[in-house]
Amino acid sequence: RESDHRAWTPVTYTVTRQNATIQGLIQGKAYFFRIAAENIIGMGPFTETTKEILIRDPITVPDRPEDLEVKAVTKNSVTLTWNPPKYNGGSDITMYVLESRLIGKDKFHKVTKEKMLDRKFTVEGLKEGDTYEYRVSACNIVGQGKPSFCTKPITCKDEIAPPTLDLDFRDKLIVRVGEAFSLTGRYSGKPAPKVTWLKDDIVVKEDDRIKIKTTPTTLCLGVLKSVREDTGRYCVTVENSTGSRKGFCQVNVVDRPSPPVGPVIFDEVFKDHMVVSWKPPLDDGGSEITNYIIEKKDTHKDLWMPVTSATVKTTCKIPKLLEGREYQIRIYAENLYGISDPLISDEMKAKDRFRVPDAPEQPIIKDVTKDSAVVVWNKPYDGGKPITNYIVEKKETMATRWVKATKDPIFPGTKFKVPDLLEGCQYEFRVSAENEIGVGDPSPPSKPIFARDPIAKPSPPVNPEAVDKTKNSVDLSWQPPRHDGNGKIIGYLVEFQKVGDEEWKQANLTADSCPETNYKVTGLTEGLTYKFRVKAVNAAGESDPAHVPDPVEVKDRLEPPELILDANMAREQHVKAGDTLRLSAVIKGVPFPKVTWKKEDHEVSPKADIEVTGVGSKLEIRNTVHEDGGMYSLTVENPAGSKTVSVKVVVLDKPGPPRNLKISDVRSDSCYLTWMEPEDDGGSVITNYVVERKDVASAQWVAISSSSKKRSHMAKYLMEGTQYLFRVAAENQYGRGPYVETLKPIKAIDPLHPPGPPKNLHHVDVDKTEVSLVWNRPDRDGGAEITGYLVEYQEDGADEWTKFQTVPMLDCVVTGL
């Protein structure tokens with residue numbers, strides 16, 4: 001019974017042993033139990049338990065812990081972890097006992113401290129190279145449970161893993177001066193790697209601005225308030241005994257440049273301008289100099305005036321100076337990140353310094369004849385003293401010595417006619433200027449000229465026009481110039497200009513590449529509108545341009561296809577078999593149409609030769625046969641439309657074989673032949689049929705009709721009993737077609753008919769199962785000898801006759817009745 005109830009509950013089975021198992025109890029409740037003995041007389045008194053019994057599972061030692069694993073090994077320590085046992089024995093785990101055994105020894109020794117509940121433990125103080133195995137047990141209030149399965153033997157030595165490196169920065173980093181930057185990343189390795197930072201191969205040291213932070217897994221180099229000196233190639237090295245890894249970053253700390261390097265040098269000084277130069281900054285700020293800003297200041301004023309801010313050269317002309325005033329020059333360098341401090345020059349007065357004249361520019365040669373030429377030049381700078389004379393010199397191009405053109409002074413004019421040239425020789429000229437200081441340098445030599453009477457430039461070409469165009473080209477045509485300038489026209493220069501642009505572009509680079517009066521300008525853009533002009537060129541130079549009157553829009557010129565039919569493309573074309581069929585037409589259209597030939601809406605025969613030219617197309621079939629006839633079509637098509645023409649071609653040939661040859665009404669001396677006209681009459685009317693016969697025993701065919709227009713014939717005069725073959729052919733004006741022949745021979749005999757009925761059938765004897773019959777011959781035998789008689793019988797009242805047998809004679813005994 002339950003301890004809080006009074007009623008007893010019997011256990012449902014009888015026990016003969018001195019023990020019993022009670023089922024169906026509720027865990028956590030308390031029960032009393034009683035037992036009575038029973039024999040055949042009856043049941044004895046109960047014996048009751050003295051105290052209540054609480055129902056619960058029995059408490060045992062815990063199961064063995066699970067998943068004992070080695071997490072880390074060094075040369076003097078081992079770290080292990082494990083999981084609790086699946087069953088704690090009915091009581092909470094009070095501690096774990098970890099034991100180790102040195103390989104080679106028999107006993108395990110406890111290595112954990114008292115009351116350890118953590119499931120992770122590091123065994124320290126081991127000897128490098130020794131090998132151990134470990135096991136762990138769990139304890140509860142009952143005691144210590146079974147130990148776990150042992151680990152594999154573990155040798156004390158440092159674990160090894162090569163370093164890894166994962167960086168957060170790229171190969172290049174640009175930082176403005178004053179900004180902070182950091183280089184971070186993650187690393188790993190066993191044993192723990194050493195982290196080293198280098199800048200330009202020198203170890204980075206920490207100071208107030210540079211901080212290095214390294215954890216077991218992360219690394220960081222931080223720089224506060226960066227300066228230009230922080231620019232460099234940074235390298236982080238992660239290294240342990242197994243190897244090393246490196247990461248690089250080129251850090252560029254950028255700033256405005258330092259000032260240009262002085263002093264400012266006054267290369268040239270004149271009364272109204274100066275030329276100054278300087279040296280680039282020592283430090284460009286980490287970014288190339290984009291330009292220099294130059295300013296000038298009259299020393300009597302406080303205002304700086306801009307000269308230019310768009311030069312990258314380290315020299316500059318200072319213009320618009322007042323003679324006699326003193327000036328200072330101020331120069332800044334600029335890059336992407338700002339403008340430098342200025343470089344300021346010393347004071348310099350604007351005044352001329354005297355020297356010989358400058359060299360004149362290259363002289364120009366004009367009015368060349370066979371014995372003279374006019375040399376023209378510009379006045380050079382006079383060096384501060386007035387020019388008093390010009391010296392003109394000449395030399396033949398292949399010579400080395402210059403000769404004065406005249407001993408007389410040449411002044412003040414800047415041109416001179418040089419006499420006494422040799423016709424056909426090539427000359428160069430140069431000019432020097434002279435003042436009271438002396439003679440200046442000579443000019444560069446002129447362009448070489450030949451001493452011969454002048455050739456004038458030609459007049460412009462006449463009547464240029466655009467005669468054709470496509471989506472990317474324009475065809476131009478023009479007439480030669482009216483005047484060739486007494487020189488041969490070398491060729492023409494063609495230029496084009498997109499409408500709206502100012503620049504003319506050359507379609508051909510040299511005149512000799514266009515010697516004719518037409519040119520195709522290619523490489524144009526579809527849909528745009530262009531202007532065109534043409535110049536004629538001779539040895540004297542280029543003519544004035546002649547313009548195409550109207551701008552031209554570049555696009556395909558569309559003209560719908562047009563077919564001009566040749567005589568052989570009439571509605572119906574007849575050609576004799578074996579001859580050549582020719583069909584042709586002239587084709588027009590822009591762009592040139594696509595040409596398609598078809599026969600009865602299908603591709604034409606492969607033996608047809610099709611030729612397409614820029615003006616037309618031709619189809620040709622040699623050795624025509626009847627199958628080449630039919631309806632031929634020619635289709636021409638372009639984006640502007642399409643056009644199709646058709647021609648019926650009839651190939652005239654011999655007819656085909658007659659059809660359906662049949663033999664009927666065979667007699668002993670004749671038979672009747674019928675047939676149908678050929679499927680193909682060869683393009684001409686059937687004029688007659690030829691009928692022939694042959695005795696099967698003979699090799700020779702014999703004509704029995706050759707002029708009949710009918711499709712039937714009575715073959716007469718046959719010999720009775722002879723076997724014959726027949727054949728028929730059709731003829732038209734082009735010849736006789738193939739024969740059609742009977743499939744099997746026919747025999748010349750009269751037709752057979754069934755014989756008449758036997759006569760006078762009666763019985764002559766009767767038995768219980770048989771009857772004897774006799775009869776007479778029939779009146780007619782049907783044209784053939786009687787071969788036998790068929791005897792049948794029928795039971796009285798039945799519908800059907802039963803065959804008995806066929807007999808040769810005029811009597812029969814019917815049995816089996």
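UniProt positions are given here in the numbering used for this chain, and such annotations may be inferred rather than shown by experiment. With that in mind, the unreviewed UniProt entry places the feature "domain: Fibronectin type-III" at residues 1-58, 64-159, 259-353, 359-454, 460-557, 657-751 and 757-817. The same record places the feature "domain: Ig-like" at residues 163-252 and 561-646. The structure itself is a predicted model, and the paragraphs below follow some of these spans through it.

Consider the secondary structure of several spans. Residues 163-252, an Ig-like span in the record, are 0% helix and 64% strand, with their end C-alpha atoms 28 Å apart. Residues 561-646, also annotated as Ig-like, are 0% helix and 62% strand, and here the end C-alpha atoms lie 16 Å apart. Among the fibronectin type-III spans of the record, residues 460-557 are 0% helix and 45% strand, with 28 Å between the end C-alpha atoms. For residues 757-817 the values are 0% helix and 48% strand, and the end C-alpha atoms are 24 Å apart.

Since strands are found in each of these spans, a general point is useful. Strands of a sheet pair through backbone hydrogen bonds, either parallel or antiparallel. A simple example is given by strand E17 (residues 210-214) and strand E18 (residues 218-223), which pair in the antiparallel sense over five bridges. The two are joined by a hairpin of three residues. Within this pairing, Lys213 has Cys220 of E18 as its bridge partner.

Strand E19 (residues 232-240) contains Thr237. Is Thr237 buried or exposed? Thr237 is buried, because its relative accessible area is 10% and buried means under 20%. Beyond its neighbours within four places in sequence, Thr237 is in contact with Lys194, Val195, Thr196, Ser244, Arg245 and Lys246.

The cysteines deserve a separate look. How many disulfides does the structure hold? The number is zero. Cys249 illustrates this: the nearest cysteine sulfur belongs to Cys235 and is 11 Å away, whereas a disulfide requires two cysteine sulfur atoms within 2.5 Å. Cys249 is also buried, with a relative accessible area of 1%, and Cys671 is buried with a value of 0%.

Tyr337 offers a view of contacts between parts of the chain that are separated in sequence. This residue is found in the loop between strand E26 (326-335) and strand E27 (338-339). With a relative accessibility of 23%, Tyr337 counts as partly exposed. Tyr337 and Pro257 are 80 residues apart in sequence, and their C-alpha atoms are 8.2 Å apart in space. Leaving aside neighbours within four places in sequence, Tyr337 is in contact with Ile174, Arg176, Val254, Asp255, Arg256 and Ser287.

Two open sheets may now be described in turn. One is a sheet of three strands in the order E30-E31-E34, with antiparallel pairing. Strand E30 (364-366) and strand E34 (415-418) stand at its edges; each has a single partner strand, so one side of each is left without a neighbour in the sheet. Neighbouring strands of this sheet are turned by 25 degrees against each other on average, direction ignored. Strand E31 (residues 373-376) is joined to E34 by four bridges, and Ala373 stands opposite Val418 in E34.

Another open sheet of three strands has the order E38-E39-E42, again with antiparallel pairing. Its edge strands are E38 (462-469) and E42 (518-521), each of which pairs on one side only. The average turn between neighbouring strands of this sheet is 25 degrees, direction ignored. Four bridges connect strand E39 (residues 474-479) with E42, where Ser477 stands opposite Asn518.

The final topic is the interior. The largest nonpolar core has 20 residues, and those that touch the most other members are Leu583, Trp597, Leu619, Tyr632, Leu634 and Val649. Which elements give two or more residues to this core? They are strands E49 (581-590), E50 (594-599), E53 (616-621), E54 (630-638) and E55 (641-652). Leu619 can serve as an example from this core. Not counting residues up to four places away in sequence, Leu619 touches Leu581, Arg582, Leu583, Trp597, Val604, Ala608, Asp609, Ile610 and Tyr632.

Note on methods
Residues numbered from 1 in each chain as written. Predicted model: local features only at pLDDT ≥ 70, side-chain atom pairs only at ≥ 80, totals over all residues. Heavy atoms only, no water. Buried < 20%, exposed > 50% of the residue type's maximum accessible area, 1.4 Å probe, protein only. Contact = heavy atoms within 4.5 Å. Pairing = 2+ DSSP bridges. Core = buried A, V, L, I, M, F, W, Y, C linked by side-chain atoms within 4.5 Å. Axes fitted to C-alpha atoms, helices over the stretch in contact; angles between N-to-C directions.
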